[in-house]
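Trainee: Hey, could you walk me through this one? I'd like to get a feel for how to read it.

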Amino acid sequence: MTAQTDTTQGSVTTVYKVSGMSCGHCEGAVSGEISEIAGVGSVRAVASTGEVTVVSETPLDDAAVRAAVDEAGFELVGRV
């Protein structure tokens with residue numbers, strides 16, 4: 001099951017589940033790291049649900065997203 005969908009021409013929205021986020025600082029850390037991946041247009045992390053919504057030009061490599069989440073100090077559980 002994947003939450004990756006084409007939203008507008010030239011963009012893909014993917015929702016990831018991240019464990020360990022508990023506050024706005026956590027959301028910012030995760031968003032900041034994922035935003036650095038090439039092709040990412042926007043990131044919205046929600047600590048209360050653990051969901052991170054990423055809009056990108058093309059589908060992202062899960063390994064790159066995992067590395068970014070790890071760098072922020074959290075764990076990528078997978079796609080929602």
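Mentor: Sure, let's go from the overall layout to a few single residues. Keep in mind that this is a predicted model.

Trainee: Okay, how many helices and strands does the protein have?

Mentor: There are 2 helices and 5 strands. If you start at the N terminus, the elements come in the order β-β-α-β-β-α-β.

Trainee: And what share of the residues is buried?

Mentor: Of the 80 residues in the protein, 38% are buried. As for the outside, the protein exposes about 4400 Å², and 50% of that comes from carbon and sulfur atoms.

Trainee: What about contacts between residues at least 6 apart in sequence, how many of those join residues at least 24 apart?

Mentor: That would be 60% of them.

Trainee: Let's pick a residue. Where is serine 31 found?

Mentor: Serine 31 sits in helix α1, which covers residues 24-35.

Trainee: Is serine 31 buried or exposed?

Mentor: Its relative accessible area is 15%, so serine 31 counts as buried, the cut-off for that being under 20%.

Trainee: Which residues is serine 31 in contact with, leaving aside its neighbours within four places in sequence?

Mentor: Val43 and Ala45. You can also look at valine 46: serine 31 and valine 46 are 15 residues apart in sequence, and their C-alpha atoms are 9.7 Å apart in space.

Trainee: Switching topic: where is the place of arginine 44?

Mentor: Arginine 44 belongs to strand β3, residues 40-46.

Trainee: Why is arginine 44 called exposed?

Mentor: Because its relative accessible area is 57%, and exposed means over 50%.

Trainee: Which residues does arginine 44 touch, not counting those up to four places away in sequence?

Mentor: Arginine 44 touches Glu51, Val52 and Thr53. Another one to check is valine 55, 11 residues from arginine 44 along the chain, with 8.9 Å between the two C-alpha atoms.

Trainee: Now charges. What does the salt bridge count come to?

Mentor: The count is 1. Arginine 79 pairs with aspartate 62, and their closest N and O atoms are 2.9 Å apart. That pair links distant parts of the chain, 17 residues apart: arginine 79 is in strand β5 (residues 75-79) and aspartate 62 is in helix α2.

Trainee: How accessible are those two?

Mentor: Arginine 79 is partly exposed, at a relative accessible area of 27%. Aspartate 62 is partly exposed too, at 33%.

Trainee: Last thing: which residues gather in a patch of negative charge on the surface?

Mentor: Glu36, Asp70, Glu71 and Glu75. Take aspartate 70 as one of them: this residue lies in helix α2, residues 62-72.

Trainee: And why is aspartate 70 called partly exposed?

Mentor: Because its relative accessible area is 46%, which falls between the 20% limit for buried and the 50% limit for exposed.

Key: Residues are numbered from 1 along each chain as its sequence is written. This is a predicted model: local features need pLDDT of at least 70, side-chain atom pairs count only at pLDDT 80 or more; totals for chains, interfaces and linings use all residues. Side-chain values use heavy atoms; hydrogens and water are left out. Helices (H or I, at least four residues) and strands (E, at least two) are DSSP runs, numbered from the N terminus. Buried means under 20% relative accessible area, exposed over 50%, partly exposed in between (1.4 Å probe, protein chains only). Contact means heavy atoms within 4.5 Å. Accessible areas come from the Shrake-Rupley method with a 1.4 Å probe; for residues, only the protein chains shown count as cover. Patches are made of residues with over 30% relative accessible area and no salt bridge: like charges are joined within 9 Å, nonpolar side chains (Val, Leu, Ile, Met, Phe, Trp, Tyr) within 5 Å. A salt bridge is a side-chain nitrogen of Lys or Arg within 4 Å of a carboxyl oxygen of Asp or Glu. Lys and Arg count as positive and Asp and Glu as negative; His and the chain ends are not counted. The place of a charge is taken as NZ of Lys, CZ of Arg, CG of Asp or CD of Glu.
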